[in-house]
Amino acid sequence: MEGKKKKSKGKKGGAPAAERQHMKMEELAVPQVQEPLFTCALCGKPIEYIAEAISEPDGSYSHFDCVMDKIRRQENVSENEKLSYIGHGCFAVFTTGEDGKLAIRTRIQYESKETFESAKKFVESTKQ
Ligand SMILES: [Zn+2]
């Protein structure tokens with residue numbers, strides 16, 4: 001009865017090699033298109049669609065909804081007011097006048113021009 005020596009293969013259950021699909025990028029010379037997954041700077045959850053994210057001044061990204069929520073609190077948007085994204089990284093609080101017309105109460109430039117431009121390029125690069 002001899003104790004058999006077990007050949008211990010250090011078989012560590014590693015993750016299978018991810019099948020990487022190499023998409024043909026013909027005219028896209030954007031170097032930072034590697035990880036489309038960002039984490040929201042406000043709620044900490046992953047951002048699945050960068051197109052629905054807003055870039056923060058420090059270069060991180062946040063969910064569009066999280067930013068809306070943040071601004072809503074920050075600007076004390078009341079019930080008869082409306083917060084909307086008006087484009088170019090800019091939000092606005094609309095207030096309804098007595099005549100029922102909406103008027104901009106506050107304009108919030110959330111994304112700087114630089115971060116907006118880079119985010120826009122990024123979004124465009126992910127579109128097919
Ligand atoms: Zn979020």
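**Contacts, sheet and core of the predicted chain**

Of the contacts in the chain with a separation of 6 or more, 25% are made by residues 24 or more positions apart. The model is predicted. Its secondary structure comes to 2 helices and 7 strands. Along the sequence, these elements follow the pattern β-β-β-β-α-β-β-β-α. The chain has 128 residues, and buried residues make up 12% of them.

Confidence varies along the chain. The average pLDDT is 77. A score of at least 70 is reached by 70% of the residues. Among the elements, α1 has the highest mean pLDDT, at 96. Helix α2, residues 113–126, has the lowest, at 75. Over residues 14–20 the pLDDT is below 50. In the model, this stretch has 0 contacts beyond near neighbours in sequence. Where pLDDT is low, the predicted coordinates should not be read in detail.

Three strands form an open sheet. Their order is β5-β6-β7, and the pairing is antiparallel. Strands β5 and β7 stand at the edges, each with a single partner strand, so one side of each lacks a neighbour in the sheet. On average, neighbouring strands of this sheet are turned by 30° against each other, direction ignored.

The pairing of β5 with β6 was examined next. Strand β5 covers residues 81–87. It runs antiparallel to β6, and 6 bridges join the two strands. K82 stands opposite F94 in β6. S84 has A92 of β6 as its bridge partner. For Y85, the bridge partner in β6 is F91. The two strands form a hairpin with 2 residues between them. H88 lies in the loop between β5 and β6. Its phi is positive, near 55°, although H88 is a residue other than glycine. Most residues other than glycine have a negative phi. H88 counts as exposed because 12 other C-beta atoms lie within 10 Å.

On its other side, β6 pairs with β7. Strand β7 covers residues 102–109. Here 7 bridges join the strands, which again run antiparallel. A92 stands opposite R107 in β7. These strands also form a hairpin, with 5 residues between them. G100 lies in the turn and has a positive phi of about 85°.

A92 thus has a partner in each neighbouring strand: S84 is its bridge partner in one pairing, and R107 stands opposite A92 in the other. Leaving aside neighbours within four places in sequence, the contacts of A92 are S84, I86, I104, T106, R107 and I108.

A92 also belongs to the largest nonpolar core. This core has 11 residues in all: C40, A41, I47, A53, I54, Y61, V67, F91, A92, V93 and Y110. Two strands, β3 (53–55) and β6 (90–96), each supply at least two of these residues. Strand β6 gives the most, with 3 residues. F91, the bridge partner of Y85, is a member of the core as well.

Helix α1 and the loop after it were also considered. The helix spans residues 64–74. M68 is found in α1. It is partly exposed, because 18 other C-beta atoms lie within 10 Å, whereas a buried residue needs 20 or more. M68 and Y85 are 17 residues apart in sequence. In space they are 8.4 Å apart, C-alpha to C-alpha.

N76 lies in the loop between α1 and β5. This residue is not a glycine, yet its phi is positive, at about 50°. N76 has 9 C-beta neighbours inside 10 Å, so it counts as exposed. N76 and H88 are therefore both exposed, and each has a positive phi without being a glycine.

Technical notes:
Residues are numbered from 1 along each chain as its sequence is written. This is a predicted model: local features need pLDDT of at least 70, side-chain atom pairs count only at pLDDT 80 or more; totals for chains, interfaces and linings use all residues. A nonpolar core is a set of buried Ala, Val, Leu, Ile, Met, Phe, Trp, Tyr and Cys residues joined through C-beta atoms within 7 Å. Helices (H or I, at least four residues) and strands (E, at least two) are DSSP runs, numbered from the N terminus. Two residues are in contact if their C-beta atoms, placed from the backbone, lie within 7 Å. Two strands pair if DSSP finds at least two bridges between them. Axes are lines fitted to C-alpha atoms, for helices over the stretch in contact, and angles run from 0 to 180 degrees between N-to-C directions. pLDDT is the predictor's confidence in each residue, from 0 to 100.
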